[in-house]
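The exercises below ask you to work through the side-chain packing of one structure, step by step. Please look at the sequence and the model before reading each solution.

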Amino acid sequence: MELRQLRYLVAVVEEGGFTRAAARLHLAQPGLSAQIRQLEKELGQPLLDRSGRSVTPTEVGRAVLPYARAALAAADAVRQTVDEHTGLLRGRVTLGLVSGATGHAFDVAAFLAEFHGAQPALEIALTEDTSERMQAALLAGEIDIALLGPTWEEPPPGLTHRTVIDVPLCAAVASGDPLLVPAGRTTVPLAELRERPLICLPRGTGVRASLERGCARAGFRPRVAFEAASPQVLAQFAARGLGIAVMPLGEAGPGPGGGLCSLRIVEPGLRARIVLAWPATGPASPAARALLERLRDTLPASPR
């Protein structure tokens, strides 16, 4: 009996068939089937029922599975113990990142390259999504850590976070817009945007949630005419006169031809935040804990 045969058996049962198990294990299906048959021959009993549409464990197979899983867990623990003593991490860690989350403040590619150089045996997956969906994925254990724009007013139970970026929201307008009168104006009350077409990030993002909460408190619903996932695209739309872009202060830039001005939104002031978030119980794996520690060292807390 070999450890790999037990791993194959568990994979076939969990996937409900040889085809999906072979894909998961990166094996050819005939080779996988042959290894399972060899295991059954050695034990003298069939472990899998192949007669149905999906492969299921036999009565003997069901009795064997807990021991197979325990053996695999023990082998993994041996490997992990050795790795901890040598400082080498193995496994997979998933980092969630909201699109355009950090702008120029954080070079994700450089950070991950440096971290991977220190831990070459570690598999790192990067996933991009809306903040709202990543919050749900963190709570469900589908991702380990995330950099996101919080949509909450109070953080949901089960999540811990640290703010890394906290800046005002601004109204980016094309030159010549009536909002720029009188000359030299640097702020705009939120109420003045009531009847204006707005350009903003999609629902499920922290910026959009901040805008909608502020407008609700001011007694109106925002007229969002265009949505885009990138602040740079919002700025381009605003520079072409398609509306007023609501975006983090400093992200707008001058726009095409230099014809874009930013007015900080006041009465009430709205904020755009990026937080580093992880499960309140802490990341599940040593690999995820190491990545979180490195991120916390790299991204200092941002004062408001």
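Contact here means heavy atoms within 4.5 Å. The model is a predicted one, in which local features need pLDDT of at least 70 and side-chain atom pairs count only at pLDDT 80 or more, while totals for chains, interfaces and linings use all residues. Residues are numbered from 1 along each chain as its sequence is written, and side-chain values use heavy atoms, with hydrogens and water left out.

**Exercise 1.** Find which residues L295 is in contact with, leaving aside its neighbours within four places in sequence.

*Solution.* With those neighbours set aside, the partners of L295 are L95, F106, F111, I145, R162 and L276.

**Exercise 2.** Determine whether F111 and F115 are stacked or edge-to-face.

*Solution.* Begin with the rule: rings of Phe, Tyr and Trp (its six-membered ring) pair if their centres lie within 6.5 Å, and planes under 30 degrees apart count as stacked, over 60 as edge-to-face and the rest as tilted. The ring centres of F111 and F115 are 6.3 Å apart and their planes stand at 10 degrees, so this pair is stacked.

Next, place the two residues: both belong to helix α5, four residues apart, which is about one turn of the helix. Helices (H or I, at least four residues) and strands (E, at least two) are DSSP runs, numbered from the N terminus.

**Exercise 3.** Classify F226 and F237 in the same way.

*Solution.* Their ring centres lie 5.5 Å apart with planes at 80 degrees, so the pair is edge-to-face. It links distant parts of the chain, since F226 sits in strand β9 and F237 in helix α8, 11 residues apart.
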